[in-house]
Amino acid sequence: MKTYIEKLLKIDRRLIFLALTLLLVFPIIRPLGLPNVNLGTEVISLYNKIESLPPRTFILISLDYDPATRPELHPQAVAILRHAMRKDLRVGMLTLNAGATGLIEELGERIPRDIAPGKVYGKDYVILPYQPNPVAVLTQLGMDLHQMYDKDRNGAPIKDMEVFKGIKSVRDMGLGICITGTALLDYWIAYTGDKFKFPMAGGVTAVSQAGYGPYLQTGQLKGLVGGMKGAADYETLIGVKEKGTSGIDALSLAHLMVVTLIVLANLMMLWLKYL
Amino acid sequence: MSETWMIFGGWVAAGLTLFLFSFLYKDNPFFKATEHLYLGAGMGWVFQTVLYQTWIPKVWEPLRAGDFYVLIPTVLGLSLVTQFFPRISWVSRYGFTFIMGYGSGLVIPLTLSTDFLKQIGGTISPFLVSEVSRATFWPLLNGAIVAAGFVCVLVYFFFSVEHKGAIKKASTVGIYFLMLYFGAAFGNTVMGRFSLLYGRFDDLYKYSGAKYFYATHVILAALVLYFVISHFTSRKKEAEEEAA
Amino acid sequence: MTFIKKHIPLALCFIFGVLTLGSYYVPNKASENYLEVMNKWENIVAGFAFLLGLFSLFFSHYNKIRRKVDGWGYSLFVFVGFLIMVIPAITSKGIQMDGATLTGLGWNYRFLFNALSGTMFSVLAFYIVSTAYRAFRIKSPQAGVLFAAAFILIVGKVPLGQIMWEKTLGWTHVGISQIVQWLMEVPVVAGRRGIMMGLAIGGIVTGLKIIFGIERQYMGKD
């Protein structure tokens with residue numbers, strides 16, 4: 001028995017890799033359809049915040065994520081964008097991450113196709129170009145954004161666009177949402193949220209979600225969507241189930257595997273030590 | 001882009017994904033080549049983004065319009081590159097000090113307000129008279145736990161006094177609060193990484209369809225074949241070397 | 001020469017630092033104008049900063065190719081990858097979508113960059129599982145607390161865990177989601193806030209040291 005356990009503890013890691021692969025692929029081929037019932041309170045807070053905004057309020061969404069965090073964050077962006085468009089809000093999208101521009105183009109392509117077919121570019125939404133140096137950009141957004149952004153991402157002047165009517169800085173906007181896999185949400189909170197009293201919310205990866213508790217408690221963040229689970233929660237709230245919800249099955253199985261493996265390995269260690 | 005390009009794209013994406021995953025079995029030339037390709041492609045992407053979204057609209061176009069003030073930040077920016085030439089590397093200090101001075105000037109007041117004062121405010125706010133008068137027992141208890149935990153964590157990080165007696169006890173409690181935070185972060189980390197992996201598998205599944213002419217299946221089979229052949233050829237080589 | 005090489009840059013750092021710091025506490029038209037110019041300039045300077053990474057990568061792989069070190073052939077792929085991205089960008093003039101169709105640059109992002117970048121980071125999931133099995137040993141009370149928090153988070157956040165909790169511990173009438181919420185809103189906030197405070201003090205002190213020229217490692221060696 002002892003040698004058997006020792007062998008099990010030193011199992012070829014490739015077998016673990018294979019087990020994980022099978023566990024993640026299985027629900028993709030055959031979805032389990034597990035219900036997503038317990039919704040995060042901070043996700044509900046963001047949903048309610050957007051619900052409370054009057055129509056035609058301008059909101060700014062900073063899409064600061066790249067393909068490395070896409071599976072978690074892109075579904076969040078789609079769900080939030082869908083909600084904002086449904087509420088007839090004006091939406092400005094920008095990025096401070098050079099790797100994000102292609103993902104924003106994907107959103108730009110999807111808005112007229114399936115996110116909000118009736119919305120008009122330049123009137124209801126706009127996509128701004130990438131800008132380096134987040135600190136400089138965020139500070140400027142609180143003063144006069146047109147000094148930093150004079151054209152959209154394809155080079156068209158933005159000053160006379162209807163979507164920017166009455167908008168000079170973040171002080172004229174209803175909400176800012178930074179969706180990121182980096183520390184950029186901290187920058188948004190400090191450099192625009194706190195400095196210019198701009199209501200901020202965030203969408204972050206599950207990895208960094210725990211770090212934003214203090215900002216939520218102080219009200220510096222009005223809401224937070226964390227990881228794929230957060231995206232699934234938001235999709236449930238708006239009643240449109242997409243990539244976030246479909247990923248929950250796979251996450252459930254894989255998590256169960258990790259917990260089982262840790263418990264099993266520790267039990268085996270105890271067996272070796274005491275029995 | 002035509003449909004053919006989209007199908008070809010599926011093959012490229014499936015191929016690159018599987019090549020990178022192949023490292024999980026064993027290091028191999030496909031992985032190494034793809035890994036290097038990633039380094040170059042990543043840098044290429046940033047280069048073209050900066051070229052078309054910063055250099056051209058913010059430097060080139062203003063210069064053509066006669067705004068020569070942009071030359072100042074341009075020269076400061078270019079000075080950074082002198083780092084690579086030891087004889088004139090000191091020139092880069094002008095660019096760096098410009099960035100560091102401005103950055104420090106901004107970071108000090110904002111950190112003081114956002115991460116220092118507001119956090120102290122957040123810790124004591126449940127005990128303000130206005131809050132206490134309308135609060136029930138549980139919020140007050142939770143507020144007290146947050147405050148006690150916060151102070152204990154600070155004690156743990158405070159190295160100017162020797163950790164013994166009451167200080168040691170507080171510091172030990174601080175460790176437990178840190179462990180709870182790290183545990184929660186670990187739980188979330190596991191979740192996050194699985195989401196990414198799920199995303200890649202989802203793409204591979206998409207490219208395994210008839211629309212993409214079973215790209216995932218074909219490339220995966222080719223990789224397996226490569227590993228089988230390389231397994232036997234390497235064993236043959238080893239046997240020959242031993243015989244020699 | 002020391003004056004030009006060292007003293008002027010340090011003086012510039014001090015001047016820009018103090019002016020920027022002052023502009024926060026003394027908000028008026030002049031300080032706003034100053035900050036506006038600085039924001040625009042810093043934006044452009046940062047646009048050149050990535051060249052440090054680009055040159056460093058190119059030099060390192062160029063040297064590998066020149067010296068024909070082991071595996072130098074792979075270094076060629078660095079340059080191939082770079083050109084694969086930059087050439088379509090030039091032909092597409094940096095635009096990814098032409099109306100509703102993808103340009104060469106957009107195609108590159110969707111099928112090449114997306115696959116490369118996404119996969120590179122997702123590989124870590126495999127190692128997390130393998131390491132959790134092989135190295136996560138609960139040998140001390142602290143490790144036990146860490147595992148308990150992770151366990152509650154993992155079980156409480158996914159539907160399957162919630163279902164299992166209900167089936168086994170439903171009789172306690174304490175929902176796992178309530179425990180997760182309490183954990184995230186109380187002890188996690190305390191732990192994280194302590195770290196935040198430490199980082200904030202460190203950040204402020206470093207900022208002051210940079211402005212006053214005490215911290216000057218970023219300037220390199222004399």
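In which loop is F213(B) found? Keep that residue in mind as a destination, and bear in mind throughout that what you have open is a predicted model.

**Chain A as a whole**

Begin by selecting chain A, whose C-alpha trace spans about 75 × 35 × 30 Å along its principal axes. Colouring by secondary structure will bring out 12 helices and 6 strands in chain A. Of its 275 residues, 56% count as buried, and among contacts between residues at least 6 apart in sequence, 73% join residues at least 24 apart. Next, colour chain A by its domain assignment, which gives domain 1 as 2–30 + 251–274 and domain 2 as 41–241; the centres of domain 1 of chain A and domain 2 of chain A, taken over C-alpha atoms, are separated by 39 Å.

**Strand β4 of chain A and its neighbours**

Now select residues 175–180 of chain A, which form strand β4, and note that 6 of its 6 residues are buried. Both faces of β4(A) are covered, with L175(A), I177(A) and I179(A) buried on one side, and G176(A), C178(A) and T180(A) buried on the other.

Add residues 58–64 of chain A, strand β1, which pairs with β4(A) in the parallel sense over 6 bridges; to see one point of this pairing, show I59(A), whose bridge partner in β4(A) is L175(A). Then add residues 200–204 of chain A, strand β5, which runs parallel to β4(A) and is joined to it by 5 bridges. Here I177(A) stands opposite A201(A) in β5(A). If you also show residues 184–194 of chain A, helix α8, you will have on screen a right-handed β-α-β unit made by β4(A), this helix and β5(A).

**The largest nonpolar core**

Keep I59(A) displayed, and add I61(A) and A184(B): of the 193 residues in the largest nonpolar core, these three touch the most other members. Helix α7 of chain B, residues 166–207, gives the most to this core, with 18 residues. Centre the view on A184(B) and, leaving aside residues up to four places away in sequence, you will find that A184(B) touches A210(A), A149(C), L153(C), L183(C), M184(C) and V188(C).

**Where the chains meet**

With chains B and A shown together, the contact takes 35 residues from chain B and 41 residues from chain A. On the chain B side, the elements that give two or more residues are α2 (29–64), α4 (92–124) and α7 of chain B, and α7(B) gives the most, with 17 residues. By class, this side of chain B has 19 nonpolar, 14 polar and 2 charged residues.

Switch to chains B and C, where 100 residues of chain C are in contact with 97 residues of chain B. Select residues 187–211 of chain C, helix α9, which gives the most to the side of chain C that touches chain B, with 19 residues. That side of chain C has 73 nonpolar, 21 polar and 6 charged residues.

**The domains of chain C**

Hide the other chains and colour chain C by its division into domain 1 (1–67), domain 2 (70–122) and domain 3 (139–185). The C-alpha centres of domain 1 of chain C and domain 2 of chain C lie 29 Å apart, and 4 residues of domain 1 of chain C are in contact with 4 residues of domain 2 of chain C. The domain 1 side of this contact has 2 nonpolar, 1 polar and 1 charged residues.

**Single residues to finish**

Stay with chain C and select H173(C), in the loop between α7 (159–169) and α8 (176–185) of chain C. H173(C) counts as exposed because it has 7 C-beta neighbours inside 10 Å. Most residues other than glycine have a negative phi, whereas phi of H173(C) is near 60°, a positive value.

Bring chain B back and select L78(B), which is found in helix α3, residues 71–79 of chain B. L78(B) has 15 C-beta neighbours inside 10 Å and therefore counts as partly exposed. A distance drawn from L78(B) to S92(B) will read 8.2 Å, C-alpha to C-alpha, although the two are 14 residues apart in sequence.

Finally, go to F213(B), found in the loop between α7 and α8 (215–243) of chain B. F213(B) has a positive phi of about 55° although it is not a glycine, and it counts as partly exposed because it has 13 C-beta neighbours inside 10 Å.

Conventions:
Residues are numbered from 1 along each chain as its sequence is written. Chains are lettered from A and ligands numbered from 1 in the order in which they are written. This is a predicted model: local features need pLDDT of at least 70, side-chain atom pairs count only at pLDDT 80 or more; totals for chains, interfaces and linings use all residues. Domain bounds come from an automatic or database domain assignment. Two residues are in contact if their C-beta atoms, placed from the backbone, lie within 7 Å. Ala, Val, Leu, Ile, Met, Phe, Trp, Tyr, Cys and Pro count as nonpolar, Asp, Glu, Lys and Arg as charged, and the others, Gly among them, as polar. A nonpolar core is a set of buried Ala, Val, Leu, Ile, Met, Phe, Trp, Tyr and Cys residues joined through C-beta atoms within 7 Å. A residue is buried if 20 or more other C-beta atoms lie within 10 Å of its own, exposed if 12 or fewer, and partly exposed in between; C-beta atoms are placed from the backbone. Helices (H or I, at least four residues) and strands (E, at least two) are DSSP runs, numbered from the N terminus. Two strands pair if DSSP finds at least two bridges between them. A crossover is right-handed if, with the strands pointing away from the viewer, the path from the first strand over the helix to the second runs clockwise.
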